[in-house]
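I opened this notebook to record what I looked up on one sheet and one pocket. The entries follow in the order of my queries.

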Amino acid sequence: MSKLTKNQKLADAKIEAGKSYTLEEAAALLKEITFTKFDASADIDVRLGVDPRKADQNVRGVVSLPHGTGKTVRVLVLCTADAEAAAKEAGADYVGLDEYLEKIKGGWTDVDVIITQPQIMGKLGPLGRILGPRGLMPNPKSGTVTPDVAKAVKEVKQGKIDFKVDKKGIVHTSVGKVSFEPQKIKENVQAFIQTLIKLKPNTAKGTYIKSVYLSSTMSRGIKVDVKSIDA
């Protein structure tokens, strides 16, 4: 077992064992337990009271964080020629069709989000083995398959994220950067949790939001008092 570094010991000393912090306290504490030399992500893990093995409890959705993610998102738009100009104007990093399909076939996936039109999806089917495992396959539920690609680009660039529950019933995503003011992290978390609550499956029984943890890249998790999130 590796020994804890000096910084890790300092971080651990700031987190009281067994304590649930208010969202406001947890957002502020993130800065105190983060010692990375880069601007670390502020991450959230939410354990849901669902059974992901059941199709009707496979929670998935999108949310536009009020203060964005703080990340530079590289967007590829695969579209018809008449939509290219609007996609570029909206801020897409790469725009085109056949040439990018060929690049992807060759293994190129150097983007964070792919947006396309419904009529193009047929051409992406054969690329599922490449895009699927990397979470890059466009999906109507996440808003990345749409006739209005320009609008989708703007939303993604402004902080729209998509998420889904994993096999263990946990939803994990980033809700900003540690450099954000605690209030902005708090408001991003509130927007995310409110969206999760709206997506609660009708068939889910018992407690829906079981636990919430905030952490930064490479830090310990801070347990958040669920009741404090709407405060």
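In which sense do strand β3 and β4 pair, and over how many bridges? I found that β3 (residues 75-78) pairs with β4 in the parallel sense over three bridges. Strands here are DSSP runs of E of at least two residues and helices are runs of H or I of at least four, numbered from the N terminus; two strands pair if DSSP finds at least two bridges between them. I noted Val95 in β4 as the bridge partner of Val77.

I recorded that the model is predicted, with pLDDT of at least 70 needed for local features and 80 or more for side-chain atom pairs, while totals for chains, interfaces and linings use all residues. Residues are numbered from 1 along each chain as its sequence is written, and side-chain values use heavy atoms, without hydrogens and water.

I then traced the sheet: it is open, with three strands in the order β4-β3-β5 and parallel pairing. Its edge strands, β4 (94-96) and β5 (113-116), each pair on one side only.

Next I examined the largest pocket, an open set of points on a 1 Å grid over the protein atoms alone where a 1.4 Å probe fits, with protein on both sides within 12 Å along at least five of seven lines. Its lining (residues with an atom within 4 Å of a point) comprises 31 residues, and Asp112, Val113, Gly135, Asp162 and Phe163 lie nearest the centre. I saw that β6 gives the largest share, five residues. Strand β5 of the sheet also supplies at least two lining residues.
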